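Q: I'd like to learn how to read helix packing and pockets in a model. Can we walk through an example together?

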Amino acid sequence: MSAERTDQPGHDVAWWDAKHRDRPVHDDVDPSVRAACLPLAAAARPGGAVDLACGTGRHARWLAQRGWDVVGVDSSPGGLEVAARAAREQGVGQRCRWVAADARTWQPEAPVALVVVAFVALPRLVERAAQWLVPGGRVVVVGHALANASRGVGGPRDPRLLHDAAALRRGARAAGLRVRLAAEVERPVVWDDGERRVQVDAVLVADRPA
C-alpha cells in the first residue's frame, strides 16, 4: 500500500506503481494469513472479504480461490492492474473487485465476514476493521513487528510502519473484538544472499462476537 501524502511515512503512489509493474506477480500467501483464514472457509460457506492495502492481490486471489467474494483495495493503480490480470488468468476474476482508494480512509459498502490487512501500518487499523465485520466476522492483521527492526531481516525500520502485538491486542479489545491471537511470530526466510534468516512478524486474529 502506498501513502498518498508526502508527510506520511512510506513511499508514494508513483513509487509503488513502478515497483508493482516492474516485478513478476507472486502468489506466496503469508503463513499466518493462511492459518487464520482456512478454518473459516472449512467451517461455513465463505462470504464477503476485504483485502486492505492489497498490493498485487496475492491474498485476495487466494481467498477467491477458496470461495470468498473479495474486494481488494489499494492506492496503487499499477498494483491493481497486476492483481486484476492475475485474477483473470487464475479463473477467479469474477470473485474479485479491485478498488483504487486510500486505505486509510476507505470504507466498505456493506459489512463483511473477513478483513485481511497484511504488511502495512494504518491509523486506527483494528478499530476501523472491527466496524466492518458482520457478527462472527474476523479481522486478520499481519505485519513486520517492532522487534524486526532490531533482530529480524527485511521490512521498514521506521517504527511508524511497524506493528506492536500488545497494541494490536489493546485495539481489538477496545473495539469489542474477541482476541484469538496477538503475538510476535518468528519465521525463517531465505534472504538475498541465499542464507536463512529470521523475520519477526506481529499477528492479530480477532473475531466480532456473534
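A: Sure. Keep in mind that this is a predicted model. Two packed helices are described by the angle between their axes and by the distance between those axes. Here, helix 2 (residues 31-43) packs with helix 3 (residues 58-65) at an angle of about 30°, and their axes lie 12 Å apart.

Q: What does that make helix 2 relative to helix 3, roughly parallel or roughly antiparallel?
A: Angles under 35 degrees count as roughly parallel, so helix 2 is roughly parallel to helix 3. As for handedness, helix 2 passes helix 3 in a right-handed crossing.

Q: Which residues in helix 2 and helix 3 meet?
A: On the helix 2 side you've got Val33, Arg34, Cys37 and Leu38, and they meet His59, Trp62 and Leu63 from helix 3. By class, the residues of this contact split into five nonpolar, one polar and one charged.

Q: And how do I go about pockets?
A: Rolling a probe the size of a water molecule over the atoms shows where empty space is left. Take the second largest pocket here: its volume is about 160 Å³.

Q: Which residues line the second largest pocket?
A: Ala121, Leu122, Arg124, Leu125, Val126, Glu127, His163, Asp164, Ala167, Leu168 and Gly171 do. Helix 5 (125-131) and helix 7 (165-174) are the elements giving two or more residues to that lining.

Q: How many residues of that lining are nonpolar, polar and charged?
A: The lining of the second largest pocket has six nonpolar, two polar and three charged residues.

Methods:
Residues are numbered from 1 along each chain as its sequence is written. This is a predicted model: local features need pLDDT of at least 70, side-chain atom pairs count only at pLDDT 80 or more; totals for chains, interfaces and linings use all residues. Side-chain values use heavy atoms; hydrogens and water are left out. Axes are lines fitted to C-alpha atoms, for helices over the stretch in contact, and angles run from 0 to 180 degrees between N-to-C directions. Helices (H or I, at least four residues) and strands (E, at least two) are DSSP runs, numbered from the N terminus. Angles under 35 degrees count as roughly parallel, over 145 as roughly antiparallel, 65 to 115 as roughly perpendicular and the rest as oblique. A crossing is left-handed if the near helix is turned anticlockwise from the far one by less than a right angle, and right-handed if clockwise. Contact means heavy atoms within 4.5 Å. Ala, Val, Leu, Ile, Met, Phe, Trp, Tyr, Cys and Pro count as nonpolar, Asp, Glu, Lys and Arg as charged, and the others, Gly among them, as polar. On a 1 Å grid over the protein atoms alone, a cavity is a set of points where a 1.4 Å probe fits but cannot get out, and a pocket is an open set with protein on both sides within 12 Å along at least five of seven lines; lining residues have an atom within 4 Å of a point. Grid points are joined across faces, edges and corners, and a volume is the space filled by probe spheres set on the points.
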